[in-house]
Amino acid sequence: MNLTPIWGSLTVFTLCPLLGGIPLIDWITYTITGRQLSKLGTGNISVSAAFYHGGKLVGVCAVLSEAAKGIIAVLLARAFFTTGSVWEIIAIIALVMGRYWIGKGAGTTNAVWGIVAHDAIAAGLVWLISLISFTIIRDRNLGKYGALILLVVIIGLRHPNQPEYAVATFALASLLAWIYQNIPDDLDLAANSAQSSNSKMFRFFQGDKNIITLDSKLNPSQVGSKAANLALLKRRGYAVAQGWVLRPGDDLKALVTILEPSVESPLIVRSSAIGEDSQSASAAGQYISILNVTSKEKLQSAIVECQASYLQSNAVQYRRQNRQVEASMAILIQRQIEGIYSGVAFSRDPVDQLNDTVAVEALPGKATKIVSGRFTPQRYRVAIPEADLSDREDNIPITVTRENVRGEDAIAIPAEIIESAALIAREMEDLFEGIPQDIEWTYDGEKLWLLQVRPITNLQPIWTRRIAAEVIPGKIRPLTWSINQPLTCGVWGKVFTIVLGDRAKDLNFEQTATLHFASAYFNVTLLSKIFRRMGLPPESLEFLTRGAEFTKPPLWSTLKNLPGLWRLFKREWNLINHFERDLAKFFTPILAEIEAQAVTELSPTEIIDRINTILELLHKATYYNILAPLSLAIRQGVLKVAETELDHSQIPEVTAASSLAKVASETHKLLATEQITLDSSASLFAHIAENAEGSGVMERFNLWLDQYGYLSEVATDISVPRWRDKPGIPRQMFTRFYFDAHSAKIAQSSAKIPPQSWKAKLVQKRLNLKGQVGEIYNKLLANLRWTIVALEQQWLERGLIHNVEDIFLLKLEEIVAVVENTDSSLSQKLPQLIKTRQQQWQTAQKLTPVPRLVYGKPDPSVWKAPVIIDSQSIFRGIGASSGQIEGVIKVILSLQQTDSIDSQTILVVPYTDAGWSPLLARAGGLISEVGGSLSHGAIIAREYNIPAVMDIANAMQIFHDGQQVRLNGQTGIVEILK
């Protein structure tokens, strides 16, 4: 057997990447100049960077070193394979991969000289055609990618009967093209900042890139966000004045030559600095704009003056205060629009952050008048109600209200212009991923022109109640949040770090969630940044946790994140094995040990030790409690398994309902000969106690309570009593099941699952895992509550606190400090601290409903609940369980409202948790303010074939007891019947 090809392939795939990764250019530059390329300019260790920062000598040495690598790679392949074989191209590919991933360079020089060594004729043809084309066309990007296409074509033509050459060359060209998309180009640096001996060469290879128009797709990292945003809007069809962009360092003469400013057609010269108009800093007023440029001489002077403003002391200080990197400034030149009316519009009010209207300021005249600060603008508020159905969008009622009757001009701006500006402001918000936008506009008598669009910086970050309302619903006390927030943020940070690796170092995962109005919110701004880095669309979290629609991520982004996604995939693949390992090693034995020792026997210090033990387990359990649902959602989405193919009957919340219904149904049969008309739980249980068979019934009920007593209506909130703490709630559920005619059906589980396909079986394993994890997680939280309640009882006896549940107004670190006496004054401060927080808690409870989105840091004292439009009769949410029903509304605030529910009742609830299962199982339909297709209520509804619609905002205010409604669980539409 000839082993040469095997050793050859091993050599190519091992040595060539290592060869490519050797940082010869960096060593050469440092030896000659004492400068490190990795800390200069773009940070690339490339030939162009060597020329730019090191000069001609360094550049020539860099070319020779990288050319040698390309030639050596080809010679290595020839040592094992025939001369001119396709393995020479494969060796170049391996070399370029090492050059990029290890050496931090593009590998263009390696590839060029490798191809020269492989096929000099092909290389010469590509070089000749590319050079002639570039000299004529002067477009650098076209030159780069055109050369790659030429390479594939010419190599393919030279080997017409050997397609493997064309395939390998295509792979090489694709790799280089991908690298070009993901690595900054040193030719983008200012040519006049390069070593003087190389500036002319840089200008030549940069091409005529200085003549860029707003019709092009522009990169904000190269031309600033102002110019890039206007270019985007122009391509989208918005009215944006014709414009040109002079990139940093480009020669302005070429641009000045082609423009013809005049008195009849004046130009405006504006800044577009790198970092200006960003999410974190607007740089408003830091740089100058020059109007009424009417000649070439004035244009050249205006460009220079505008560029100089970048170095003004106030601008430099602004960038330092906002921690912006010193970059450079592009210049934006546009046709000047002579406006009749001009103004600014804020898609969300930057002052009154909880006001949902668009704020518009306007004046007759040019746009400069409104931003000069010398005139008092007319101020308007524009209310744009959200449309629930697409067919209503053309008839959205818009209300324009003028706020200041005094204005610089008495004549009001026409309402239709204000409306148009407001609508465009909201469109800009939608276009820029929901980030509130500030637009400058002017109206010339025919069109409303957009002059600028930028984020409203003080409305960052954006916080969302969606998703968070399912994780921790309702109002949250300080103790609950001091435990849940570090757990949730820490574990999400761990998951994201698995994928991002070192790219997660600058992310503060502690800011993933926060409290507003005593309610949990997730940080949309941070999550969007994370998902963009992962190459995923912004709606990824909602897809993974709520079953929302998901758009496919770009292929290049996915490929870039393959190493991290591979690490996450390995975790997902071994999730069941890892959970079973931790279940046997940690969860089961430690839980058994905790439950075996009565917490009432422990001292305060021992109680703190138990709390810490539970928290350590909760950290592990939270990891599985997040990853198991994600794994389920991913597998179900990828394998396209419908909910009807899955069996939910074994998850704890469903088994809790069905087993209680079974006990109630069998009790009803046992006592069927006796006429019981009283349907209160107290009367029923009194009757059972007097019955001869009653002891057996009570024993079964108590066994059920022992098994499921860890559940509650909000399992994630340790301040909420568990069923074991308040057995009156499960007794009421038992009573409803007892008198419910279809409780036997519930006991048997109404959903019939057909034989499962192999795909459904794979997903079913993850669904079962989710149920197991949820049970452990909720049991740990229940034991944590019972431990804290035991400490509370000791404090009540000692007089440290005076009321039951006062301890939940403290934070965990404060409780620990009191027990361990690390803060001797805290014990004396407890009464006043609790009194203050009790007042805050009572105020927070009145703030309902809370806004779904919160911008920045709002003042909760100014929050006003939204006005519900009574005339609206059709509402759309997320269809979570198919089927259609016409029934009667019953609004339920808590599990204690269990009366008058039957198969014609459509329940309206604020949220659903595992503990709601027995209640929901008896209804005919479900409407929830929050939730998605993966939430507890949706799962239970599908299990019992109950139509359900989730995520209808303000449902608790919209619907009222006794209303007749039609609910469609497939389309997600609920209609109030007149």
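In the predicted model, A518 is buried, with a relative accessibility of 16%. This alanine belongs to the loop that connects strand 13 (513–516) with strand 14 (519–523). Although A518 is not a glycine, its phi is positive, at about 60°. A positive phi of about 55° is also found for N821, again a residue other than glycine. N821 is located in the loop between helix 32 and helix 33 (826–846). With a relative accessible area of 52%, N821 is exposed, whereas A518 counts as buried. A further backbone feature occurs at Q460 and P461, which are joined by a cis peptide bond with an omega of about -5°. P461 lies in the loop between strand 11 (448–455) and strand 12 (462–464).

These local features are set in a protein of 36 helices and 23 strands. Of its 978 residues, 53% count as buried. Among the contacts with a separation of 6 or more, 69% are made by residues 24 or more positions apart.

One such separation along the chain is illustrated by A425, whose C-alpha atom is 6.4 Å from that of F346, with their positions 79 residues apart in the sequence. A425 is part of helix 17 (residues 415–431) and is buried, at 0% relative accessibility. When neighbours within four places in sequence are left aside, the residues in contact with A425 are A345, F346, S347, V358 and I439. A second buried helical residue is N484, with a relative accessible area of 3%. N484 is placed in helix 19 (residues 478–500), and, with residues up to four places away in sequence not counted, it touches I472 and T716.

The distribution of buried and exposed residues around a helix is shown by helix 15 (residues 313–321), in which A315, V316, Y318 and R319 are buried. These residues cover an arc of only 160° around the axis and therefore lie on the same side of helix 15. The exposed residues S313, R320 and Q321 are carried on the face turned away from that buried side.

Packing between helices can be described for helix 25 (residues 604–639) and helix 32 (residues 812–820). Two packed helices are described by the angle between their axes and the distance between the axes. For helix 25 and helix 32, the angle is about 145° and the axes are 9 Å apart. The crossing of helix 25 past helix 32 is left-handed. On the side of helix 25, the contact involves P604, T605, I608, I611 and L615, and helix 32 contributes L812, I815, V816, V819 and E820. By residue class, the contact of helix 25 with helix 32 comprises eight nonpolar residues, one polar and one charged. Helix 32 also borders the loop that holds N821, the residue with positive phi described above.

Aromatic side chains form 24 pairs in the structure. In one of these, the ring centres of W566 and F569 are 5.5 Å apart and the planes are at 25°; the pair is stacked because the planes are under 30 degrees apart. Both residues belong to helix 23 (residues 562–573), where W566 and F569 are three residues apart, about one turn of the helix. An α-helix has 3.6 residues a turn, so residues three or four places apart point the same way. W566 is partly exposed, at 49% relative accessible area, and F569 is likewise partly exposed, at 39%.

A second stacked pair is formed by W704 and W723, with a centre-to-centre distance of 5.5 Å and 20° between the planes. W704 is situated in helix 28 (residues 694–708) and W723 in the loop between helix 28 and helix 29 (728–739), so this pair ties together parts that are 19 residues apart in sequence. Both tryptophans are buried, W704 with a relative accessible area of 4% and W723 with one of 1%. W704 and W723 are also members of one aromatic cluster, which includes F685, F701, Y708 and F734 as well.

Conventions
Residues are numbered from 1 along each chain as its sequence is written. This is a predicted model: local features need pLDDT of at least 70, side-chain atom pairs count only at pLDDT 80 or more; totals for chains, interfaces and linings use all residues. Side-chain values use heavy atoms; hydrogens and water are left out. Buried means under 20% relative accessible area, exposed over 50%, partly exposed in between (1.4 Å probe, protein chains only). Helices (H or I, at least four residues) and strands (E, at least two) are DSSP runs, numbered from the N terminus. The arc is that of the directions from the helix axis to the C-beta atoms. Axes are lines fitted to C-alpha atoms, for helices over the stretch in contact, and angles run from 0 to 180 degrees between N-to-C directions. A crossing is left-handed if the near helix is turned anticlockwise from the far one by less than a right angle, and right-handed if clockwise. Contact means heavy atoms within 4.5 Å. Ala, Val, Leu, Ile, Met, Phe, Trp, Tyr, Cys and Pro count as nonpolar, Asp, Glu, Lys and Arg as charged, and the others, Gly among them, as polar. Rings of Phe, Tyr and Trp (its six-membered ring) pair if their centres lie within 6.5 Å; planes under 30 degrees apart count as stacked, over 60 as edge-to-face and the rest as tilted.
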